[in-house]
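Let's walk through this model together, one question at a time. Have the viewer open as you read.

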Amino acid sequence: MSDFVVENRIWNRAEVLPRKALRALQLRRLRRQLEQAARVPFYRERMAKAKLTPQSLKSLDDLRRLPFTVKDDLRRNYPLGLCAVPRAELARIHGSSGTTGSSTFVGYTRKDLATWAELCARFLTSGGLRPEHTVQIAFGYGLFTGGFGLHYGVERVGAALIPAAAGNTARQIRLLRDLEVDVLVCTPSYALVIAEGLAEAGTGPHALHLRYGHLGAEPWTEDMRVKIEQQLGILAFNNYGLSEVIGPGVSGECPLRNGMHIQEDHFIVECVNPETLEPVAEGEVGELVFTSLTKEACPVLRYRTRDLASLNSEPCPCGRTGVRMSRVTGRTDDMLIIRGVNVFPLQVEEALLGVAGTAPHYMIIVDRPGNLDEATVQVEIQPGSFSDEMRAMQALRERIDRALQANTGIRFHVELVRPQSLERHLGKAVHVRDLRRDKGLL
Ligand code: ADP
Ligand code: ZN
């Protein structure tokens, strides 16, 4: 297939299981997962209320008789109240990064860790990783699932691994160059920081040996992918996951890079309208909901991710049969309502990336000084585009203004700022400051 950007290698035959067999496997596994979940009082009560037992589950649709699980349920059962195994059986505890509110914990048994490594090995392989490669992990290591998740996935594939962890960009570049690293693992925003560091050092991708990037943990756009690929001289693959469900490895791109295959032999996915909670039509954007099928320590039933994406169940030329999810277009909880209009940070990013001369570093500041919301976007100018000439800067500002208005429907106050003046993030980038929240107005 000419559309494949890398050779299409399948790590595990389970990835290409025919749909019928996959559904039968899901049903068998769901029964066992319900048994496991029933060890947790929270789920046991819910199953009893819904009069659903592992034995009475007749079809996958029966799952919909259970209510959704939300982040607050995890918070209410802090720290490990939703654990289905005795403490002695836990092998690891991770936490969500706490992007929104306090962090929550998730436990893993030995078997859960093995499953997780397997799932990461699959998407790494489909995105070009081979045992002979060297991989640099520039994700944070710690409670955050990105670092350790990818770490054991890379080991499972059998590649050489450099656990560089996040930070110290000059050292990242030195390692990439001196150790002839083939594959970079980090967030898309940190990949850009590394690319900038490379440019600042007066060199470019030719100085490196990099071929692929496996990027995830935060929303990013197709334009951002193009920028990263050009600046680092790589093919960049997207992968998705969240700690509540397992961590990275819930889904990842195949060589077609047209959506991320969900690993449906381990998770059941639903896509629902976040307001009505009814399933959306195929291809329509909704909130993703996951049910784990094989977890021992922390099974999750119908977990609402707050991540917005669409599903595509058309057969994929790569042969993988897992349904594909689109890029995450935003989180229901990072949606800003500005003067009554819904705006996602990614819409702003998309608009900015479409205007030549800006760097993909920006900060949205929303305030309500009187009765009306005011929104400002600070945008960094690319080093070459910064001009002392007022007129040139004014023209650039107007282009940005128009692009923002076209993409979001609202007027932003545009502030052009000098290259490198906005804070850089080693992990997930922060793009919003909502002063209305700080003032208690929301
Ligand atoms: P937190 O919710 O605190 O950020 P996690 O570290 O578990 O906790 O991060 C999971 C979240 O990161 C997901 O719910 C999603 O919002 C985001 N995410 C992960 N991978 C991607 C990706 N490839 N694209 C967009 N968003 C992603
Ligand atoms: Zn595919």
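Q: In which helix does Ile-173 lie?
A: Helices here are DSSP runs of H or I with at least four residues, strands are runs of E with at least two, and both are numbered from the N terminus. By that count, Ile-173 lies in helix 6 (residues 169–178).

Q: How should the numbering and the values be read, and what kind of model is this?
A: Residues are numbered from 1 along each chain as its sequence is written, chains are lettered from A and ligands numbered from 1 in the order in which they are written, and side-chain values use heavy atoms, leaving out hydrogens and water. Local features need pLDDT of at least 70, side-chain atom pairs count only at pLDDT 80 or more, and totals for chains, interfaces and linings use all residues, as this is a predicted model.

Q: Is Ile-173 buried or exposed?
A: Buried means under 20% relative accessible area, exposed means over 50%, and partly exposed is in between (1.4 Å probe, protein chains only). The relative accessible area of Ile-173 is 9%, so this residue is buried.

Q: Which residues does Ile-173 touch, not counting those up to four places away in sequence?
A: A contact means heavy atoms within 4.5 Å. With residues up to four places away in sequence set aside, Ile-173 touches Ile-194, Gly-197, Leu-198 and Leu-208.

Q: What distance separates the C-alpha atoms of Ile-173 and Asn-312?
A: Along the chain, Ile-173 and Asn-312 are 139 residues apart. In space, their C-alpha atoms are separated by 38 Å.

Q: How many aromatic pairs does a search of the whole structure find?
A: Rings of Phe, Tyr and Trp (its six-membered ring) pair if their centres lie within 6.5 Å; planes under 30 degrees apart count as stacked, over 60 as edge-to-face and the rest as tilted. Searching the whole structure gives a total of eight.

Q: Is the pair of Phe-42 and Tyr-43 stacked or edge-to-face?
A: Both residues, Phe-42 and Tyr-43, are buried. Their ring centres are 5.0 Å apart and the planes meet at 75 degrees, making the pair edge-to-face.

Q: Why is the pair of Tyr-78 and Phe-105 classed as it is?
A: Tyr-78 sits in the loop between helix 3 (71–76) and strand 1 (92–95), while Phe-105 is in strand 2 (residues 105–108), 27 residues apart. The ring centres are 5.6 Å apart with planes at 40 degrees, so the pair is tilted.
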